[in-house]
Amino acid sequence: MTVNLTLNGEIRTFFGDPRTSLLDVLRETFRLTGTKPVCREGFCGACVVHIDGLAVPSCLRPIGLLQGASVTTIEGLAQVDALNALQLAFKDQDVVQCGMCFPGMVMTLSKFQETNPTPSRAEIKAAMIGNICRCTGYERIVDAVLSMQSRENAQ
Amino acid sequence: MNTDARHPAVMDYPRRDASDKLQGRTRYTADLGGLETLHAVLVRAEVASARILRVDVTRARAMPGVRAIAIAHDGPGLHGIGIADQPIFAGSVIRHHGEPIVAIAADTLVQAQAAAREVLIDTEPMRAVLTMAEALAPGAQLIHPDWASYEVLKEGAERGGNIAWEASVQRGDTKSAFARPDVVVVEGTYEVGRQSHVPFEPRAVIASFEDGRYHIQTSTQVPWTVRAVTSKVLGIAPSMVRVTVPSVGGGFGLKFDCTLEPYAAILARKSGRTVSLVNSREEEQMTCLCRENAQIRIRSAVTASGEIVAREAEVLMDCGAYGGEQVFLTTMTAHTLMGNYRLGSVRLTTKAVYTNTPPNGAFRACNGVYNTFALERHTDEICGSIRMDPLEFRRRNVVGDGSLGATGQVFQGDVLRPMLDRLVQMRPAKDPAVPDGLLYGRATTVGTWFVFVGPSTATVNLNADGSATLVTAGVEIGSGTMMQSLPQIVAAELGIHPSAVIVKSADTDASGRDMGVGGGRTTVSIGAASAAACAEVRAKLLASASELLQTEPAKLVLTGGRVEIMGRPGSGTSIQKVIQHAEMVTGPISGSGSFTAPGVAALPGCAAGHFIDAIDIPVFAVHECELTVHPATGHVTILAYRVVQDVGRALNPRAIRSQVQGGVVQGLGYALHEEITINTKGSFDQRGFESYLLPLAEDVVPVEVDLFEGAPSLGPLGTKGAGEVPILNVGAAVACAVANAIGKPVAQLPLTPPRVLALLTGRLMPQAATAV
């Protein structure tokens with residue numbers, strides 16, 4: 001089966017088994033390895049990408065359903081060598097540890113911030129239910145998201 | 001207890017790998033296999049115990065895309081810690097569910113998986129010994145009938161039958177102490193299940209065979225162990241193996257052993273191609289070298305004033321089908337279960353017990369975590385028996401300057417007692433608001449762990465542009481030592497900025513031998529070796545500058561990328577000019593250094609079967625937990641969590657606080673809901689994230705952290721490892737707080753709602769507890 005989709009702004013074509021997960025297509029066909037395979041069951045969120053404007057785990061999306069879809073991965077989130085405001089906050093506040101969960105964490109929370117630019121601590125945590133981190137214990141991630149508001153409010 | 005906070009090595013220097021990690025550009029080992037790479041799978045045992053009658057790979061070999069197949073005779077050597085008891089392939093006997101039998105490399109993963117289904121394995125079932133109780137029962141089937149013929153790598157331990165290793169401590173006369181008329185005897189038995197590390201990058205390796213040598217790129221904490229074990233099982237010289245390590249996506253101790261590497265190496269040689277082998281998540285979970293399940297029996301003789309005149313204990317640790325790390329860890333009970341408190345006399349036996357279950361391994365603070373749980377619950381029960389306030393009891397009894405450790409070492413400095421006082425100062429003025437109907441509990445616990453020192457080497461090459469390249473066997477597993485503490489130490493020694501220090505990741509062809517990254521040792525041991533290398537570089541740099549500046553070296557200082565004449569800022573010259581001068585006169589500037597600690601002695605005859613006599617660098621922690629228990633559901637909610645941690649000196653306080661937050665949360669998972677149960681097939685019931693429950697953002701609280709500085713340490717600048725110990729007393733603090741909340745003794749972890757409810761109601765849990 002042939003699937004045409006827009007991937008990080010470019011039209012790309014996949015040819016193969018339509019049941020292949022988007023996650024495997026990204027990593028194996030297009031060698032975009034920023035999207036991480038961790039649980040492959042939709043719990044951990046390490047493989048979250050944006051599909052037509054929604055943050056979803058790519059492991060649960062068969063490629064055959066994505067004809068004509070627009071997909072953005074962590075590699076296409078910002079310009080090459082540029083970080084978005086959230087990534088910058090994570091970097092500045094030294095939040096990252098092993099880093100495996102962060103591509104998905106960034107994809108989920110970047111999308112969340114579009115709809116809720118001034119979330120409370122509890123709202124941020126609720127938004128992270130589908131993104132597990134084994135290293136950080138979460139709170140510094142929440143602090144970094146909150147710090148973006150105080151910076152914006154201060155301006 | 002003062003440290004100089006202005007030391008140039010102390011700063012909240014941010015990680016340099018953050019940008020790439022945040023953009024998905026970091027290539028972990030699991031990301032490396034491109035189209036040119038073969039993909040491998042392991043055919044694993046689906047039973048816990050059987051005799052292998054026949055392995056036939058004829059049909060598998062004929063499958064499309066198959067390039068190489070390996071079986072037992074391709075890697076016949078046995079490896080282990082203390083005793084060489086473990087083959088990489090089950091050859092004639094299957095000893096645990098998930099044990100590898102065949103390895104297959106094919107052009108694609110799907111092809112390798114298809115070929116794996118065509119492997120024929122005939123087996124004759126044998127009875128599986130799945131619990132320690134069965135393994136130790138009279139007449140139990142032996143998991144290693146040939147145990148006596150195994151190569152012994154470390155002498156001096158009791159072994160035999162299903163006991164892989166026994167370590168013991170005898171200091172003083174406990175028997176007469178227990179018979180004293182003025183003591184109360186308090187006893188307890190405690191049980192814990194296994195904990196799975198769940199690093200987000202599973203164990204993964206890429207191997208090739210180049211110029212007659214194996215090149216192994218692997219997600220490991222221990223490149224030199226991988227080199228040693230791979231060569232041992234392949235029966236080749238260690239120098240035939242080169243190990244390099246890309247960024248590691250989490251380790252937590254799981255990657256402190258060699259596991260997948262030899263299979264990939266064998267397949268690479270057989271196929272002549274580069275071979276990638278990555279555990280699937282299910283394999284990673286089902287063959288996780290867990291923190292082991294264990295049973296702890298402890299009894300103490302205590303006077304009315306709270307003096308502990310004698311303590312006896314027996315610890316049974318399930319090592320699974322092979323000895324592994326548990327053999328070494330039998331040593332550590334002496335310093336954890338028999339740690340924390342001054343003891344008049346000590347008698348301790350620790351057994352690593354073989355069962356037909358997946359082997360266990362090392363996990364952040366290892367058995368310290370459950371020994372601290374058992375010890376602190378036992379301590380609170382002692383306090384109940386003699387009616388003494390638990391905090392007061394701890395203040396009176398914790399080890400301090402001059403106290404004798406379990407094996408007779410003499411502790412230096414009062415550390416735990418002032419840490420307890422600091423913890424009390426952290427408490428808020430007002431008690432927390434507890435919703436109506438919930439049961440509230442608080443507990444304060446102490447813990448003792450250590451820095452696993454041992455040999456490290458480092459080389460520092462000074463570059464013409466004034467930067468320095470640090471070459472060590474260190475690897476970045478996420479804790480940040482390669483990104484923060486090491487460049488900070490080198491920069492401070494050389495008067496340059498940490499951003500001018502290039503840190504090379506482990507390459508056994510470039511770096512000297514090393515114990516690996518774990519046990520809190522990276523900053524201490526590799527840091528000390530790095531500082532020693534810098535001392536040589538400094539001496540050469542200052543000698544060269546002395547010629548240029550016509551000033552004796554003792555009057556020169558390195559600062560801000562320059563060599564200055566002391567007391568006359570701006571009078572000197574740039575490091576680049578000095579390097580240029582040195583290159584013409586004496587050659588490029590480099591230095592090397594090494595470190596180890598010879599070990600602190602025990603009292604003669606006091607300890608048997610121990611790998612270390614005493615702890616070179618003790619690390620102490622005080623934790624306090626406040627929580628509520630829902631009386632109808634048994635659900636535990638953490639209200640507040642406070643930590644005072646002995647860090648020696650905090651080189652990067654912000655990074656250490658992040659380690660504490662992350663370590664405490666891993667501990668909360670262990671204390672409350674991370675549970676592995678072993679079924680009748682000898683495999684784990686929890687095969688993935690749906691059933692193995694990791695802490696989520698909504699489960700956790702911001703940990704309040706106080707870094708205690710100034711305790712004695714061999715580490716460079718007085719540092720101690722800070723990443724290992726934050727998990728140490730979480731199980732203890734939660735269990736003691738739950739016991740206080742519900743008014744019932746807690747003797748088992750994790751405290752899942754059904755287990756707490758069973759304690760509250762006095763009824764048994766609906767299903768059997770974790771096999772012990």
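Select the hairpin of β1(A) and β2(A) to begin: two residues lie between its strands, and Asn8(A) takes a positive phi near 50°. The model is predicted: local features need pLDDT of at least 70, side-chain atom pairs count only at pLDDT 80 or more, and totals for chains, interfaces and linings use all residues. To find your way, note that residues are numbered from 1 along each chain as its sequence is written, while chains are lettered from A and ligands numbered from 1 in the order in which they are written.

Now show both strands of the hairpin. β1 (residues 2-7) and β2 (residues 10-15) of chain A pair in the antiparallel sense over six bridges. Here, helices (H or I, at least four residues) and strands (E, at least two) are DSSP runs, numbered from the N terminus, and two strands pair if DSSP finds at least two bridges between them. Pick Asn4(A) and look across to β2(A), where Thr13(A) stands opposite.

**The two domains of chain A**

Colour residues 2-77 of chain A as domain 1 and residues 85-154 as domain 2, following the domain assignment; such bounds come from an automatic or database domain assignment. The centres of these two domains of chain A, taken over C-alpha atoms, are separated by 22 Å. Across the boundary in chain A, 15 residues of domain 1 are in contact with 12 residues of domain 2. Contact between two residues means that their C-beta atoms, placed from the backbone, lie within 7 Å.

Which strand gives the largest share of the side of domain 1 of chain A that touches domain 2 of chain A? Select β3 (residues 48-51) of chain A, which supplies three residues. That side of domain 1 of chain A divides into 10 nonpolar, four polar and one charged residue. In this count Ala, Val, Leu, Ile, Met, Phe, Trp, Tyr, Cys and Pro are nonpolar, Asp, Glu, Lys and Arg are charged, and the others, Gly among them, are polar.

Before leaving chain A, select Asp94(A) in the loop between α2 (85-92) and α3 (102-115) of chain A. Its phi is near 55°, a positive value in a residue other than glycine.

**Where the chains meet**

Show both chains together. Here 43 residues of chain B are in contact with 40 residues of chain A. In chain B, α1 (18-22) and α17 (653-672) each supply at least two residues of the side that touches chain A. α17(B) gives the most to that side, with seven residues. The residues of the side of chain B that touches chain A divide into 17 nonpolar, 14 polar and 12 charged.

**A helix pair in chain B**

Next, select α6 (residues 223-234) and α7 (residues 261-271) of chain B, whose axes come within 9 Å and cross at roughly 55°. Axes are lines fitted to C-alpha atoms, for helices over the stretch in contact, and angles run from 0 to 180 degrees between N-to-C directions. α6(B) and α7(B) are therefore oblique to each other; angles under 35 degrees count as roughly parallel, over 145 as roughly antiparallel, 65 to 115 as roughly perpendicular and the rest as oblique. Show side chains for Val226(B), Thr230(B), Val233(B) and Leu234(B) of α6(B), which make the contact with Glu261(B), Pro262(B), Ala265(B) and Ile266(B) of α7(B). The contact of α6(B) with α7(B) comprises six nonpolar residues, one polar and one charged.

**A sheet and its helices**

Still in chain B, display the open sheet of four strands, in the order β22-β21-β20-β26 with mixed pairing. β22 (501-504) and β26 (590-595) of chain B stand at the edges with a single partner strand each, so one side of each is left without a neighbour in the sheet. From one strand to the next, the twist averages 20°. Zoom in on β21 (residues 468-472) of chain B, which runs parallel to β22(B) and is joined to β22(B) by four bridges. Leu470(B) has Val503(B) as its bridge partner in β22(B).

Add α14 (residues 485-494) of chain B, which lies across β20 (456-462), β21 and β22 of chain B, at about 140° to β22(B). Then add α15 (residues 522-549) of chain B, lying across β20, β21 and β26 of chain B, at about 145° to β26(B). The axes of α14(B) and α15(B) come within 9 Å and cross at roughly 25°, which makes α14(B) roughly parallel to α15(B).

**Last stop**

Finish at the peptide bond joining Leu749(B) and Pro750(B): the bond is cis, with omega about -5°. Pro750(B) is in the loop between β31 (748-749) and α19 (753-761) of chain B.
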